[in-house]
Amino acid sequence: MNLTLESLLILDMIDRKGSFAAAAVALDRVPSALTYSVRKLEDDLDVLLFDRRGHRAQLTPAGLQLLQEGRHLLLAASDLEQRVKRTATGRETELHIVLNSLIPFDKMLPVIEAFDREESGTRLRFTPGVLTGAWEKLIEGRANLVIGVTLDGPEVVRTSGRFQMQELGAVDWVFAVAPTHPLASATEPLSAELVRSHRAIAVGDNSQSLPTLTMGLLSGQETLTVATVADKLQAQLAGLGCGHLPRIWAEPYLATGALVEKQTLAAKPNDNFMVAWPKAEQGKSLKWFIQHLAQPHVRQSLIGPISMRDTA
């Protein structure tokens, strides 16, 4: 094969530096070596790559096309080299983390900043998860870690022995409605029959292949289903329905009167949340996250009070 990564690197450096001499200095080569490499590539391809008539080395249209496409190959080769090195040191190339929508992504930023200080080179990819959907990618082997799941997951989680879990913490739930909602002035505690007669706002299970679950809903209750906890909060603030909210989301609005807390006879959602991961193949970056998330102050920061900015 006439085209090599080395020849592409030489073309790239000449174009960036503007001359064969400057590129030779950057590559720690003598200018004649670069001139020879370029002329040989031109002969092999039977094309002219540089217009040498001016003081600055200018790519011909053919040379420009070769370099534009070749830079993708250089980037891919560099990425492959780094991935091989990370694998050799026990670091994962990428961690796919599923984050329960109960936890605002803003709360993960200090965790990411702490991980960046490790300079591991591991890429992070976050996707949202709700109910069974928070488990799905982990079960299918398409995620490395899930933050904010309950034990009320698929049966395979409880019976296969494939996963490990550690406590994240307990979430306090509050049944809340807008002050304009009919339940705001109803006598407490609200009966299940009374709550059932009003539309509930629910966050939909985002599982694609596993049986979906519901949480905090009454049989036969009309439901408006939304994508995230933030969407649920906004719908309840608008008086479009009722339902349980994590107190950490509702607290700022309870304090201002934008939401009204009501006591109910209906059971609250499960309040025990966990961090889960596969037992097999734990690389150094996954182990770092597991250990970091085990720290009490980190756990509390993820499920503790949030600001109104977090809910926007």
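Leaving aside neighbours within four places in sequence, which residues is F289 in contact with? In this predicted model, F289 touches L95, I97, V111, F115, L124 and L145. This residue also belongs to the largest nonpolar core, which has 44 residues. F289 is among those with the most contacts inside that core, together with L145, I147, L168 and L259. Another core lies apart from it. That second core has 19 residues, including I14, A23, A24 and L67. Such grouping fits a general pattern. In soluble globular proteins, nonpolar side chains tend to be buried together.

The aromatic residues add detail to this picture. The structure holds six aromatic pairs. One of them joins F115 and F289. The ring centres are 5.0 Å apart and the planes stand at 45°. A pair counts as tilted when its planes are neither under 30 degrees nor over 60 degrees apart, so F115 and F289 form a tilted pair. F115 sits in helix α5 (residues 109–116), while F289 sits in helix α11 (residues 284–293). The pair therefore ties together parts that are 174 residues apart in sequence. Both F115 and F289 are buried. Ring pairs also bring in W288, so that F115, W288 and F289 are linked into a cluster.

Helix α11 itself is largely enclosed by the rest of the structure, because seven of its ten residues are buried. These buried residues are S285, L286, W288, F289, I290, H292 and L293.

Two sheets are described next. Strands of a sheet pair through backbone hydrogen bonds, either parallel or antiparallel. One open sheet has five strands, in the order β4-β3-β5-β12-β6, with mixed pairing. At its edges are β4 (123–129) and β6 (163–170), each of which pairs on one side only. From one strand to the next, the twist averages 20°. The edge strand β6 and strand β12 (residues 272–278) pair in the antiparallel sense over seven bridges. Within this pairing, F163 has P278 of β12 as its bridge partner.

The other open sheet has three strands, ordered β10-β7-β11, and its pairing is antiparallel. Its edge strands are β10 (243–246) and β11 (260–261). Each of these pairs on one side only. Four bridges join β7 to β10. The bridge partner of W173 is P246, in β10.

Two helices lie across strands of this three-stranded sheet. Helix α9 (residues 229–237) lies across β7 and β10. It runs at about 125° to β10. Helix α10 (residues 247–256) lies across β7, β10 and β11. Its direction is about 100° to β10.

The loop between β7 (173–177) and α8 (192–196) holds H181. Is this histidine buried or exposed? Buried means under 20% relative accessible area. H181 has a relative accessibility of 7%, so it counts as buried. Not counting residues up to four places away in sequence, H181 touches H198, G239, G241 and C242. The C-alpha atoms of H181 and A238 are separated by 9.1 Å, although the two residues are 57 apart along the chain. The side chain of H181 also has a polar atom 3.0 Å from the backbone nitrogen of L183.

Conventions. Residues numbered from 1 in each chain as written. Predicted model: local features only at pLDDT ≥ 70, side-chain atom pairs only at ≥ 80, totals over all residues. Heavy atoms only, no water. Phe/Tyr/Trp six-rings, centres within 6.5 Å; stacked < 30°, edge-to-face > 60°. Buried < 20%, exposed > 50% of the residue type's maximum accessible area, 1.4 Å probe, protein only. Contact = heavy atoms within 4.5 Å. Polar contact = N/O pair within 3.5 Å; in protein donor to acceptor, adjacent residues only side chain to side chain. Pairing = 2+ DSSP bridges. Axes fitted to C-alpha atoms, helices over the stretch in contact; angles between N-to-C directions. Core = buried A, V, L, I, M, F, W, Y, C linked by side-chain atoms within 4.5 Å.
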